[in-house]
Amino acid sequence: MLNEDKPSDDYSAVLQRLRKIYHSSIKPLEQSYKYNELRQHEITDGEITSKPMVLFLGPWSVGKSTMINYLLGLENTRYQLYTGAEPTTSEFTVLMHGPKLKTIEGIVMAADSARSFSPLEKFGQNFLEKLIGIEVPHKLLERVTFVDTPGIIENRKQQERGYPFNDVCQWFIDRADLIFVVFDPTKLDVGLELEMLFRQLKGRESQIRIILNKADNLATQMLMRVYGALFWSLAPLINVTEPPRVYVSSFWPQEYKPDTHQELFLQEEISLLEDLNQVIENRLENKIAFIRQHAIRVRIHALLVDRYLQTYKDKMTFFSDGELVFKDIVEDPDKFYIFKTILAKTNVSKFDLPNREAYKDFFGINPISSFKLLSQQCSYMGGCFLEKIERAITQELPGLLGSLGLGKNPGALNCDKTGCRETPKNRYRKH
């Protein structure tokens, strides 16, 4: 499909509209209640306008870099990623589109605010030296970004890498649209580092694809046994009813070995490419859904902080010690019905509530006195923060999503069409 002459859709209008909704309706509440200090996930303009990201994870020497070379047709060219039987990829390698072959240092990538990688600076200079960007003039990279990661080596401790490997992986996992976890039939053992990685993937099961690579190295009977052993190894790590999709093939340019299931491997390869194409096709829908999910989390956080603050004000008397009063509330929020009140008085699902332990750390850094009540977060010209984020979640973002499905011009959306001038009923105000 890359060779089609059909012009690529212009997504700039809808992305600009999405960026405007985020900055006007979501970010004010996010900053006011310091949401980023709870979740450590700051959304930048570069992230909103970025292409879909495909992340490759897995043990060392399972064929991650070879697979990227194959998908992009880089074998035997000066662009190809270095591969070998020994652990070869020691850096996080980001493959992006560019007019000519160009290598970009990690320090430069983090310093460029137009890219989506500027938040990586928080992992320190040691990590930035292990981050590299490669621009390649390839049509597929016009629509998607590939990220190759260092292979997991079970006998290596985290501190030996010189940077927080799992934290960096988590950053990429949080932003990936598709996650390929690649395995070699000879490397099915699960150690501590791989176990930690799958723990980080919880909640992202819909994005995970398991790849059993180098499948034509095995006879049919042995391949069946290895396939079963792979699921047996991964079963304790993936606690979901529906297991992730597994692709069984050999992703490299060589011909499949004779006397193997060549037709099966070819069909699996086609299915994987269709999966990748689906992510590219659904780029805007996924982006809008991601921003809406983020807005819902910000709203829940603001409601909780407001409830903590309201409880604190109610319990304070002229003779009370403020620190002791609030310590009592933070230590046992259930005694003061903090979370139960949110569930009873708002349309928040109990499954969306954050971990209560996280708020002990959050308020340990941010004194409760540094926040204002939601009822005080209003102005005559700007309106109320809570009403604006409610309007974004219930009207503006669904309206933007609906316009894509109907084939309308998203850039033409305005308040007359979306009804955003109407004042929504505040569900949190007592009537």
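Select Ser61 to begin, a residue that lies in the loop between β1 and α4. The model you have open is a predicted one, and in it the phi of Ser61 is near 55°, a positive value in a residue other than glycine. For background, most residues other than glycine have a negative phi. With a relative accessible area of 17%, Ser61 falls under the 20% limit and is therefore buried.

**Along α4**

From Ser61, move on to helix α4, residues 64-72, which is mostly covered, with seven of its nine residues buried. To see them, select Lys64, Ser65, Met67, Ile68, Asn69, Leu71 and Leu72. If you then display the surroundings, you will find these buried residues packing against β1 (53-57), β2 (92-97), β5 (145-148), β6, β7 and α11. The helix is followed by Gly73, where phi is again positive, near 65°.

**Zooming out**

Before the next stop, show the whole protein chain, which has 17 helices and ten strands. Of its 431 residues, 48% count as buried. Among the contacts in the chain with a separation of 6 or more, 78% are accounted for by residues 24 or more positions apart.

**The loop at Ser118**

Next, select Ser118, placed in the loop between α5 (106-111) and α6 (125-128). Is Ser118 buried or exposed? Its relative accessibility is 18%, so Ser118 counts as buried. Leaving aside neighbours within four places in sequence, the residues in contact with Ser118 are Thr44, Met109, Ala110 and Asp112. A C-alpha to C-alpha distance drawn from Ser118 to Gly106 should read 9.7 Å, for a pair that is twelve residues apart in sequence.

**Lys214 and helix α10**

Now go to Lys214, found in the loop between β7 and α10. Its phi is near 60°, another positive value in a residue other than glycine, and because its relative accessibility is 25%, Lys214 counts as partly exposed.

Continue to helix α10, residues 220-234, whose 15 residues should span 21 Å at 1.5 Å a residue; the C-alpha atoms at its ends are 21 Å apart, in agreement with that expectation. Colour its buried residues, which are Leu223, Val226, Leu230, Ser233 and Leu234. Seen down the axis of α10, these buried residues fall within an arc of 85°, so they line one face of the helix. As general background, an α-helix has 3.6 residues a turn, so residues three or four places apart point the same way. What do the buried residues of α10 pack against? Their partners are β6 (178-183), α9 (192-200), β7 (208-212), β8 (245-248) and α11 (262-281). Turn the view to the face of α10 that points away from its buried side, and you will find the exposed residues Gln221, Met224, Arg225 and Trp232.

**Val248 in β8**

Select Val248, which is found in strand β8 and counts as buried because its relative accessibility is 8%. Apart from neighbours within four places in sequence, Val248 is in contact with Leu212, Ala215, Leu223, Tyr227, Phe265 and Glu268; one of these, Leu223, is also among the buried residues of α10. Val248 and Leu266 are 18 residues apart in sequence, and their C-alpha atoms are 9.5 Å apart in space.

**Two helix pairs**

The last two stops are pairs of helices. Two packed helices are described by the angle between their axes and the distance between the axes.

For the first pair, select helix α1 (residues 12-32) together with helix α12 (residues 283-315), whose axes come within 10 Å and cross at roughly 10°. Because the angle is under 35 degrees, α1 is roughly parallel to α12. On the α1 side of the contact, show Val14, Leu15, Leu18, Tyr22, Ile26, Leu29 and Glu30; on the α12 side they meet Arg283, Leu284, Lys287, Ile288, Ile291, His294, Ala295, Val298, Arg299 and Ala302. The residues of this contact divide into twelve nonpolar, one polar and four charged.

For the second pair, select helix α13 (residues 322-331) and helix α15 (residues 356-365), with axes that come within 9 Å and cross at roughly 155°. An angle over 145 degrees makes α13 roughly antiparallel to α15. Here Phe326, Val330 and Glu331 of α13 make the contact with Tyr359, Lys360 and Phe363 of α15. The residues of the contact of α13 with α15 divide into four nonpolar, no polar and two charged.

Terms used:
Residues numbered from 1 in each chain as written. Predicted model: local features only at pLDDT ≥ 70, side-chain atom pairs only at ≥ 80, totals over all residues. Heavy atoms only, no water. Axes fitted to C-alpha atoms, helices over the stretch in contact; angles between N-to-C directions. Helix = DSSP H or I, 4+ residues; strand = E, 2+ residues; numbered from the N terminus. Parallel < 35°, antiparallel > 145°, perpendicular 65-115°, else oblique. Contact = heavy atoms within 4.5 Å. Nonpolar A, V, L, I, M, F, W, Y, C, P; charged D, E, K, R; others polar. Expected span 1.5 Å × (residues − 1). Buried < 20%, exposed > 50% of the residue type's maximum accessible area, 1.4 Å probe, protein only. Arc of directions from axis to C-beta.
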